[in-house]
Amino acid sequence: MAILTVSIDEAGYEEKQPVIHRIEFTLHKGEWIGIIGPNGAGKSTTIKALLGVLEYVKGVINKQEQCRYAYIPEKPIFYEHLTLWEHLDLLASINNMDDEILINRANTYLEAFKMNKVKHEMPVTFSKGMQQKVMIIQALLLQPDFYIVDEPFIGLDPSAIKMFLTVMEQERKRDAGILMSTHVLDTAEKICDRFLLISEGTKVAEGTLQQLQSTIRIGNASLLECFHAMAEGR
Ligand SMILES: Nc1ncnc2c1ncn2[C@@H]1O[C@H](COP(=O)(O)OP(=O)(O)OP(=O)(O)O)[C@@H](O)[C@H]1O
């Protein structure tokens, strides 16, 4: 079932200078879509359009009614004077979450990401990877219908990446959708159901790895090879 349907004619940081054009796709329940493309292609701008924080968007973005989503940004943002636990507590109270659910979920994910020991410290003092873990834990706390994730792999250590993949796989089994932009193509190739390839602000291809392979007519091409042939070879 479709949970997010996107049909952007054009969008950008000001109306007279759109930076993305004709970006269309649908995210379904339990589906993991990877948004890939070169630097400056328009991946983050597409995500900003979905989040409703872009100055100019012409088109239609339809989220299924009552669907909730969580956004995991590439650059974490925190309240300066709140501890990690206070961030989780605040998020839970904004979302009317029972204390018992908060405590259970928070402790599970703090443990999983090895952040239990620092839960009463301020995230603004954490390393980049630790801050990213906090953003991931906050998103998981909500158990949303879908996730929007901007480049999760840069900054996390190998065991945190493994844990991130494990918990997202659990979320997918719960039928959550995942829309994730990344440059880490060998990992994306293993986990994503489908790919959206963006280049120079527009969608140049969409499909499973097999579909991308048949478009470039190389049966066993890796995602990286598809990327080179379709985005960089243009
Ligand atoms: N805040 C901004 N104001 C104006 N233009 C911007 C802004 N942020 C990005 N752009 C422009 O929009 C275009 C797309 O950038 P975007 O950040 O979406 O690319 P990206 O695919 O996410 O790249 P990367 O892989 O480097 O993160 C680029 O030409 C960029 O210069």
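Does R22, with its C-beta neighbours inside 10 Å, count as buried or exposed, and how many such neighbours are there? In this predicted model, R22 counts as exposed because 12 C-beta neighbours lie inside 10 Å, and a residue is classed as exposed at 12 or fewer. R22 has its place in strand β2, and although R22 is not a glycine, its phi is positive, at about 45 degrees.

**Strand pairing around β1**

The strand that holds R22, β2 (residues 20–28), pairs with β1 (residues 2–12) in the antiparallel sense, and 8 bridges connect the two. Within this pairing, the bridge partner of A2 in β2 is H28. Strand β1 is also joined to β4 (residues 56–63), again running antiparallel and over 8 bridges, and here A11 stands opposite V57 of β4.

**The ligand shell**

The ligand is surrounded by Y13, V19, G37, N39, G40, A41, G42, K43, S44 and T45. Sorted by class, this shell has 3 nonpolar residues, 6 polar residues and 1 charged residue.

**Helix α5 and its cover**

Helix α5 comprises 16 residues (158–173), and the distance from its first C-alpha to its last is 23 Å, close to the 22 Å expected at 1.5 Å a residue. The buried residues of α5 are A160, F164, M168 and E171. Seen down the helix axis, these buried residues fall within an arc of 65 degrees, so they line one face of α5. The face turned away from that buried side carries the exposed residues P158, S159, K162, T166, Q170 and K173. The cover over the buried residues of α5 includes helix α4 (128–142) and strand β7 (177–181). After α5 comes D175, whose phi is positive and near 90 degrees.

Each of these two covering elements contains a residue that can be examined in turn. I136 is found in helix α4, and I136 is classed as buried because 26 other C-beta atoms lie within 10 Å, where the class begins at 20 or more. Leaving aside neighbours within four places in sequence, I136 is in contact with I72, F113 and F164, and F164 is one of the buried residues of α5. I136 and M168 are 32 residues apart in sequence, while their C-alpha atoms are 9.8 Å apart in space; M168 too is among the buried residues of α5.

In strand β7 lies M180, which counts as buried because it has 24 C-beta neighbours inside 10 Å. Beyond its neighbours within four places in sequence, M180 is in contact with G34, I35, V149 and P152. M180 and D157 are 23 residues apart along the chain, and their C-alpha atoms are separated by 18 Å.

**The loop between β8 and β9**

E200 is found in the loop between β8 (194–199) and β9 (202–207). E200 has a positive phi near 50 degrees and is a residue other than glycine. With 15 other C-beta atoms within 10 Å, E200 is partly exposed.

The C-beta counts discussed above are collected here.

| Residue | Other C-beta atoms within 10 Å | Class |
|---|---|---|
| R22 | 12 C-beta atoms | exposed |
| E200 | 15 C-beta atoms | partly exposed |
| M180 | 24 C-beta atoms | buried |
| I136 | 26 C-beta atoms | buried |

Definitions and conventions
Residues are numbered from 1 along each chain as its sequence is written. This is a predicted model: local features need pLDDT of at least 70, side-chain atom pairs count only at pLDDT 80 or more; totals for chains, interfaces and linings use all residues. A residue is near a molecule or strand if its C-beta atom, placed from the backbone, lies within 6 Å of it. Ala, Val, Leu, Ile, Met, Phe, Trp, Tyr, Cys and Pro count as nonpolar, Asp, Glu, Lys and Arg as charged, and the others, Gly among them, as polar. Two strands pair if DSSP finds at least two bridges between them. Helices (H or I, at least four residues) and strands (E, at least two) are DSSP runs, numbered from the N terminus. The expected span of a helix is 1.5 Å times one less than its number of residues. The arc is that of the directions from the helix axis to the C-beta atoms. Two residues are in contact if their C-beta atoms, placed from the backbone, lie within 7 Å.
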